[in-house]
Amino acid sequence: MSHNNRVSVLDNGYVRLVDVMGSDLTVVNSARCSYAKESAELSERDIRLIKFLAREQHTSPFRHAIAQFEIYAPLMVARQWWKYIVGSAHQEGTGDSLDAWNESSRRYVTEEPTFYIPQADEWRSAPENSKQGSGEPVDTSVGDELVERLKFYVAHGMYLYEEALGAGVCPEQARLFLPAYGMYVRWYWTASLQSIAHFLAQRLEHDAQVEIQAYAKAILALIEPRFPVAIGELIPEKEDE
Ligand SMILES: Cc1cc2nc3c(=O)[nH]c(=O)nc-3n(C[C@H](O)[C@H](O)[C@H](O)COP(=O)(O)OP(=O)(O)OC[C@H]3O[C@@H](n4cnc5c(N)ncnc54)[C@H](O)[C@@H]3O)c2cc1C
């Protein structure tokens, strides 16, 4: 569901487009800089230039456009996302000036933990092809049982967490009791258009985990209207859903 610049994902997550620097014109004008030319409006000629740049992988003009997102996702998704370090860098010493990953950590805040609990019909079987992360849905009677078990597990972790806090333990250690993979974390992700397209090209694919695919679809829904030509060329086969 899309609301303004926010798209809901999974049971409690979302992606919000916080800020955007640039448009399709930014790509064109960055490329034309070497000819000391600038367009005020996107022309057919400009569109052809973007197509050419994308096709020939002249990627630097796509790095002058930047977008910032706020993401609320289970830790297992954040862990996969964190691997995109070029053009959305968050590691010192990469030589990339976009030091742009800020996450709520539960060291300082004790905001109510939220967990991802798939619905009964959302549990997937082990795949037949080992390169695929998961296969067909499992029977919903099995799914019903798994939902109950996961809720129980989360509640037990929460109980132990609160007991530890109650015993005066600091939040940064008490969080050891929280079931981490499904716990929602929130972070800001700032990335160049090229880096976003790279993320989308990989994570919209059927071999990406279904949960991160859902986030990639949300990113696509938010970014495509802002860069319709560039996104259309960089990931032409992707359909917004
Ligand atoms: C389906 C799937 C399964 C995965 N499974 C695993 C897994 O089991 N374990 C795991 O650890 N990771 C896994 N990954 C993550 C994967 O290995 C990448 O780390 C992640 O997809 C980020 O892509 P990237 O490295 O291309 O991104 P970035 O680090 O952002 O790099 C972007 C691009 O920059 C270029 N680049 C980056 N570094 C260099 C360099 N040093 N020299 C030259 N060019 C460079 C490359 O063209 C690269 O594609 C998986 C990814 C997918 C999509």
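**Figure 1. Antiparallel pairing of strand 3 with strand 4 in the predicted model.** Strand 3 and strand 4 (residues 66-74) run antiparallel and are joined by seven bridges. Within this pairing, L17 has F69 of strand 4 as its bridge partner. F69 also appears in Figure 3, as one of the residues with the most contacts inside the largest nonpolar core.

**Figure 2. The hairpin of strand 2 and strand 3.** Four bridges link strand 2 (residues 6-9) to strand 3 (residues 13-21), and the pairing is antiparallel. V9 lies opposite G13 of strand 3. Three residues separate the two strands of the hairpin, in which L10 adopts a positive phi near 55 degrees.

**Figure 3. The largest nonpolar core.** This core comprises 62 residues. F69, W81, W189 and L200 are those with the most contacts inside it. The greatest contribution comes from helix 7 (residues 210-223), which supplies eight residues. Because domain 1 (2-108 + 185-234) and domain 2 (120-177) both contribute residues, the core lies between them. In soluble globular proteins, nonpolar side chains tend to be buried together.

**Figure 4. Cysteine residues C33 and C170.** C33 has a relative accessibility of 56% and is therefore classed as exposed, the cut-off for that class being over 50%. C170, at 29% relative accessibility, counts as partly exposed. A search of the whole structure finds zero disulfides.

Notes. Residues numbered from 1 in each chain as written. Predicted model: local features only at pLDDT ≥ 70, side-chain atom pairs only at ≥ 80, totals over all residues. Heavy atoms only, no water. Core = buried A, V, L, I, M, F, W, Y, C linked by side-chain atoms within 4.5 Å. Buried < 20%, exposed > 50% of the residue type's maximum accessible area, 1.4 Å probe, protein only. Domains from an automatic or database assignment. Disulfide = S-S within 2.5 Å. Pairing = 2+ DSSP bridges.
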